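Subject: That structure I promised you

Hi there,

Here's the structure I said I'd pass on. Have a look at it first, then read my notes underneath.

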Amino acid sequence: MGATVFVSGATGFIAQHVIKQLLEKGYSVVGSVRNESKGETLKKNFATDKFSYEIVEDLETVGAFDTALKKHPEVTIFLHTASPVTFDVEDNEKDIILPAINGTVNVLKAIKATAPQIDKVVITSSVASQLTFSNPVARVSEDTWNDVTYEQAKESGSAAYVGSKTFAEKAGIEFVEKEKPHFTVSTVHPVFVFGPQVFDSEAKGKLNASNGYISGLLQLKEGSVPQYSGSFIDVRDVAAAHLVEIEKPSNGLRVLVKDVDFTSQSLLNIINKNFPELGLVKGDSEAQVDSKRIVDDAKSRAYLGLNYIDIEKSVVDTVKQYIAANK
Ligand code: NAP
């Protein structure tokens with residue numbers, strides 16, 4: 001019988017893929033959700049006794065995870081994926097930065113206090129904590145750290161997100177240094193994540209923040225192409241990376257999960273080639289993706305040993321599912 005894994009933020013885009021892959025490999029999963037209705041929907045969708053849920057209304061409530069963990073002495077691995085992934089909020093500090101930091105600390109404290117049997121914690125961090133805020137084209141790797149300050153992070157939604165991932169990860173490291181807990185803590189750092197939702201019903205209406213970028217492009221029937229660029233990874237590979245991380249120790253690698261770079265134009269080219277009937281703007285379809293920033297993920301690739309899903313398949317799967325769900 002496989003081990004039981006606790007997954008915080010079980011309703012999330014990435015978390016649902018992680019849960020699907022865990023269940024397929026024989027693990028049992030306890031997921032935390034914010035309310036009963038979200039838990040029941042997940043339970044119905046996963047349709048197996050090996051998935052159950054606990055309600056944790058707010059990451060920030062002190063002791064939020066203690067009760068849930070006390071009910072599940074069978075849990076030996078904790079995946080902390082829950083964190084605000086949103087950029088348009090009333091208060092950047094209150095709505096993005098603090099829940100990320102306090103959520104991470106709450107999880108680690110709860111495990112230390114109530115779950116002596118848990119020996120491994122994996123936190124879903126982000127390349128955001130490895131980028132350089134003061135120099136957007138600086139080289140990025142497993143060893144680099146974002147230099148964003150707390151004051152800078154409060155200034156915009158996107159800076160707050162970058163800060164939230166950086167400060168939450170640092171808070172985790174500080175906890176381990178001070179508290180010397182009985183478990184290991186490691187981090188997985190995806191770049192921009194695209195890909196289909198596990199369940200078609202989740203593709204109806206507004207998509208999660210990163211896929212929202214693709215659904216946004218689907219509205220582009222005229223005008224100019226936005227100047228956006230980034231690095232891509234498919235959600236199924238992000239989930240697979242979490243499973244590698246729980247099955248073999250990465251020894252503090254800060255695993256960077258990244259495939260190729262993209263621009264809005266390169267995404268539009270894929271969409272126009274595969275869905276010409278949508279009649280989206282063409283832009284400069286000959287323009288090459290000109291990666292100004294080097295993202296050096298060589299160590300992580302060697303560690304993970306995954307064959308990444310290519311960007312064309314990822315975008316096509318995402319668009320196909322979105323169109324079908326929103327007919
Ligand atoms: P998502 O779909 O928005 O999922 C976020 C999850 O966190 C949801 O389950 C959400 O619950 C929960 N959550 C957010 N704020 C919370 C709060 N204050 N209290 C309790 N739960 C809260 O995002 P995702 O894309 O799957 O991201 C999952 C993780 O991956 C995050 O840590 C994110 O930073 C990281 N990541 C994502 C990307 C990307 O491109 N998507 C890239 C790098 C790293 P509800 O469903 O109830 O709102």
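Below is what turned up, starting with the ligand and moving on to the sheets.

One thing before we start: this is a predicted model.

**Around the ligand**

There are 26 residues around the ligand, and the ones that come nearest are Thr11, Arg34, Lys38, Tyr161 and Lys165. If you sort the shell by class, you get 12 nonpolar, 10 polar and four charged residues. Some of the shell comes from regular elements: helix 1 (13-24), helix 6 (157-179) and strand 8 (192-194) each give at least two residues to it.

Which atoms does the ligand meet at glycine 12, threonine 124 and lysine 165? At glycine 12, a polar backbone atom sits 3.2 Å from an oxygen atom of the ligand. Threonine 124 also uses its backbone, with an N or O atom 3.5 Å from a ligand oxygen. With lysine 165 it's the side chain, where an N or O atom is 2.8 Å from an oxygen atom of the ligand. As for cover, the ligand taken alone exposes 900 Å², and the protein buries 87% of that.

**The seven-stranded sheet**

Now look for an open sheet of seven strands, in the order 3-2-1-4-5-7-10 and with parallel pairing. Why do strand 3 (51-55) and strand 10 (255-257) each have one side without a neighbour in the sheet? They stand at the edges and have a single partner strand each, so nothing in the sheet pairs with that other side. From one strand to the next, the twist averages 25 degrees.

If you'd like one pair to trace, try strand 4 (residues 75-80) and strand 5 (residues 120-124), which are parallel and pair over four bridges. There, histidine 80 stands opposite isoleucine 123 of strand 5.

In general, the strands of a sheet pair through backbone hydrogen bonds, and they can do so parallel or antiparallel.

**The three-stranded sheet**

There's also an open sheet of three strands, ordered 8-9-11, and its pairing is mixed. Strand 8 and strand 11 (261-263) are at the edges with a single partner strand each, so one side of each has no neighbour in the sheet. Ignoring direction, neighbouring strands here are turned by 55 degrees against each other on average. Strand 9 (residues 229-234) and strand 11 run antiparallel and are joined by three bridges. Glycine 230 has phenylalanine 262, in strand 11, as its bridge partner.

**From the record**

UniProt, in an unreviewed entry, lists residues 5-252 as "domain: NAD-dependent epimerase/dehydratase". Over residues 5-252, the chain is 40% helix and 18% strand, with the end C-alpha atoms 20 Å apart.

Happy browsing!

Terms used
Residues are numbered from 1 along each chain as its sequence is written. This is a predicted model: local features need pLDDT of at least 70, side-chain atom pairs count only at pLDDT 80 or more; totals for chains, interfaces and linings use all residues. Side-chain values use heavy atoms; hydrogens and water are left out. A residue is near a molecule or strand if one of its heavy atoms lies within 4 Å of it. A polar contact is a pair of N or O atoms within 3.5 Å; within protein, one must be able to donate a hydrogen and the other to accept it, and residues adjacent in sequence count only if both atoms are side-chain atoms. Accessible areas come from the Shrake-Rupley method with a 1.4 Å probe; for residues, only the protein chains shown count as cover. Ala, Val, Leu, Ile, Met, Phe, Trp, Tyr, Cys and Pro count as nonpolar, Asp, Glu, Lys and Arg as charged, and the others, Gly among them, as polar. Two strands pair if DSSP finds at least two bridges between them. Axes are lines fitted to C-alpha atoms, for helices over the stretch in contact, and angles run from 0 to 180 degrees between N-to-C directions. UniProt positions are given in the numbering used here, feature names are shortened, and annotations may be inferred rather than shown by experiment.
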